[in-house]
Amino acid sequence: MSDIRIEKTKTPKEKPDFSKLGFGKFFTDHMFLADFNEKDGWHDLRIVPFDFIPIHPASTVLHYGAEIFEGMKAYKLEDGYQMFRPLENLARMNNSAERLCLPFIPEDMWLNALTTLINLDKDWIPNLPGTSLYIRPFMFGNDETLGVHAVHRATFVIILSPVGNYYAEGLNPVKISIENQDVRAVRGGTGYAKCGGNYAASLRAGKRAEEKGISQVLWLDGVERKYIEEVGSMNVMFKINGEIITPKLTGSVLPGITRKSCIELLKEKGYKVSERLISVEELAKAAENGTLEEAWGTGTAAVVSPIGHLYYEGKDYTVSDNKIGTLTAELYDELTGIQWGKIADTHGWCYKVKI
Ligand SMILES: *Cc1c(COP(=O)(O)O)cnc(C)c1O
């Protein structure tokens, strides 16, 4: 593997108003790219001005969807910044790569690419409360042939986007509809991989929900359409009768790093956390008889997002009076406190970079 060649932009962009960022709308001045082929391995590691990427019209990704990605964040500190569990993201990226026959990324290349790029665009890390620099690494199969076979050539890219709140609602409870027509993933498929194809399959249900003013859909398992899996881009947790229940990782659920971190925090607080199958009937019953105390989604983009309404087969179930639950708020404060460097990182989750 070679060093990273750096070509700085000659026309730096004007920075957006950090108080009006939204999610994924602005991009920094530079991006990282690297190419892979079987003969040379990873090569031509480079940071160049943020721009379009030329692509062959027969490129594998355009026809057969060979694409995986990650989502992580960098948080501004007094003397630099920190990323949250970036090696967990690398492990997942390589698991996704294995599933889609894309090449693995070595740890030194991952960390070197991330830190070199972020250091160069450090003035883009927003400093207002609730903001961060969203990091989007992604990789796609780039063979110049229409033949269907495992990937021989790939491109790895990292782009950066300063972000505020994921949901326009902020930390207010979101409305979620339980989807009973489309399915996102099945066991043996790619549900556990963070790949673009899973999202392509989810867009129609998302669109239907949006038309009704609902933020996201909650997926049921692809075979029986009975068990709760996860929300669009978040894992999901329920507090029922004091116990925390989250769907177990069956292979069709994305293994979230926020999920994993929340489970650790909740166990430390003394909660019983059960990773198990939970059926939609069990959930509806708990909502009806008042034992469903709180519900929330977990994911890097939204961190911890309270659920205020669940819609299922024409019924509207209100959760915690459509207010943020006590435990949901506590989890949000604790996790973001660690991420923003305001609470001691006793787990060694943060990867600090001084600049
Ligand atoms: C990325 C993602 C999540 C959340 O994972 P985190 O590591 O917590 O960000 C959950 N579900 C899906 C489908 C995802 O793509």
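I began with R153, which forms a salt bridge with E144, the closest N and O atoms being 3.4 Å apart. A salt bridge here is a side-chain nitrogen of Lys or Arg within 4 Å of a carboxyl oxygen of Asp or Glu. R153 is partly exposed at 35% relative accessibility, and E144 is partly exposed at 44%. Buried means under 20% relative accessible area, exposed over 50%, and partly exposed in between (1.4 Å probe, protein chains only).

I noted the basis of the entries: this is a predicted model, in which local features need pLDDT of at least 70 and side-chain atom pairs count only at pLDDT 80 or more, while totals for chains, interfaces and linings use all residues. Residues are numbered from 1 along each chain as its sequence is written, and side-chain values use heavy atoms, with hydrogens and water left out.

I then looked up E243, which forms a salt bridge with K272 at 3.7 Å between the closest N and O atoms. E243 lies in strand β13 (residues 243-247) and K272 in the loop between α5 (257-268) and β14 (273-276), so the pair ties together parts that are 29 residues apart in sequence. Helices (H or I, at least four residues) and strands (E, at least two) are DSSP runs, numbered from the N terminus. K272 is exposed, with a relative accessible area of 56%. I also found R5, D35, D44 and R46 joined into one network by salt bridges that share partners. The search of the whole structure gave 22 salt bridges.

I turned next to N235, in strand β12 (residues 235-240). N235 is buried, at 4% relative accessibility. Its side chain reaches the backbone oxygen of L254 at 2.8 Å and the backbone nitrogen of G256 at 3.2 Å. Leaving aside neighbours within four places in sequence, the residues in contact with N235 (heavy atoms within 4.5 Å) include E230, R259 and W296.

On the surface, I recorded V148 in the loop between β7 (132-141) and β8 (153-163). V148 is exposed, with a relative accessible area of 68%.

I closed with the whole chain, which has seven helices and 18 strands. Its radius of gyration, taken over C-alpha atoms, is 21 Å, close to the 20 Å that the globule rule gives for 355 residues, so the chain is as compact as a globular protein of that length. The globule rule is 2.2 Å times the number of residues to the power 0.38. Of the 355 residues, 54% count as buried.

Key. A polar contact is a pair of N or O atoms within 3.5 Å; within protein, one must be able to donate a hydrogen and the other to accept it, and residues adjacent in sequence count only if both atoms are side-chain atoms.
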